[in-house]
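Subject: Structure handed over, with notes

Dear colleague,

Please find below the structure we spoke about, followed by notes on what came out of going through it. I would be glad if you read the notes with the model open beside you.

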Amino acid sequence: MTIFHLANLFIVKLSTPETAGRAAGIMGFTNIMGGFSSYIMGWSRDLSGGSFGPSINMLIISAILGFIAYLFIVKNEAIESKLDEVPDSKAIYK
């Protein structure tokens, strides 16, 4: 449940008024896919003869992909925050 709140926070923080609808649509799509993840994990367990290995692998791969996406967001956020600070610092020293 916590990830839902974090995802909403990122949508509000990173989207502009022009892209807010698109961001909300992507959020809705990912929520629907997340709802089916338990069925996908159960299906992969059934296909593997009762082993939870494929389900655990799916969780690990999803976490790694999320972490990689997060790293790109943090990098862009750092660049934007540095750009925001430059005009303020120049205004102080003038």
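The helices and strands named in this message are DSSP runs, numbered from the N terminus, where a helix has at least four residues and a strand at least two. Please keep in mind throughout that this is a predicted model.

On that basis, the chain has three helices and zero strands, and, read from the N terminus on, its elements follow the order α-α-α. Of the 94 residues in the chain, 7% are buried, while the area that the chain exposes comes to about 7800 Å², with 71% of it supplied by carbon and sulfur atoms.

Let me begin with α1 and α2. Ile11, which lies in helix α1, touches Ala23 and Met27 when residues up to four places away in sequence are not counted. Ile11 and Ile26, for their part, stand 15 residues apart in sequence, and their C-alpha atoms are 9.7 Å apart in space.

This part of the model also holds the second largest pocket, to which α1 (2-14) and α2 (20-47) each supply at least two residues of the lining. The space in the second largest pocket is about 210 Å³, and its lining is made up of Phe10, Ile11, Leu14, Ser15, Thr19, Arg22, Ala23, Ile26, Met27 and Thr30. Which helix supplies the largest share of that lining? It is α2, with five residues. By character, the lining residues divide into six nonpolar, three polar and one charged.

Further along the chain, three serines seemed worth describing one by one.

Ser37 lies in helix α2, and its side chain reaches the backbone oxygen of Gly34 at 2.7 Å. With a relative accessible area of 24%, Ser37 is partly exposed, because that class covers the values between under 20%, which is buried, and over 50%, which is exposed. The C-alpha atom of Ser37 is separated by 9.4 Å from that of Leu59, a residue 22 places away along the chain.

Ser44 is also found in helix α2, and a polar atom of its side chain lies 2.9 Å from the backbone oxygen of Met41. Is Ser44 buried or exposed? Its relative accessibility is 14%, so Ser44 counts as buried, given that the limit for that class is under 20%. Leaving out residues up to four places away in sequence, Ser44 touches Pro54 and Ser55.

Ser55, in turn, lies in helix α3, which takes in residues 53-93. Its relative accessibility is 3%, and Ser55 therefore counts as buried. The residues that Ser55 touches, again not counting those up to four places away in sequence, are Met41, Ser44 and Arg45. The contact between Ser44 and Ser55 thus joins a residue of helix α2 to a residue of helix α3, and both of these serines are buried.

If you look at one place to start with, I would suggest the contact of Ser44 with Ser55, and after that the lining of the second largest pocket, including Ile11 and Ile26.

With best wishes

Definitions and conventions
Residues numbered from 1 in each chain as written. Predicted model: local features only at pLDDT ≥ 70, side-chain atom pairs only at ≥ 80, totals over all residues. Heavy atoms only, no water. 1 Å grid on protein atoms, 1.4 Å probe; cavity = no way out; pocket = protein on both sides within 12 Å on 5 of 7 lines; lining within 4 Å. Points joined across faces, edges and corners; volume = space filled by probe spheres on them. Nonpolar A, V, L, I, M, F, W, Y, C, P; charged D, E, K, R; others polar. Buried < 20%, exposed > 50% of the residue type's maximum accessible area, 1.4 Å probe, protein only. Contact = heavy atoms within 4.5 Å. Areas by Shrake-Rupley, 256 points an atom, 1.4 Å probe, with all protein chains shown as cover. Polar contact = N/O pair within 3.5 Å; in protein donor to acceptor, adjacent residues only side chain to side chain.
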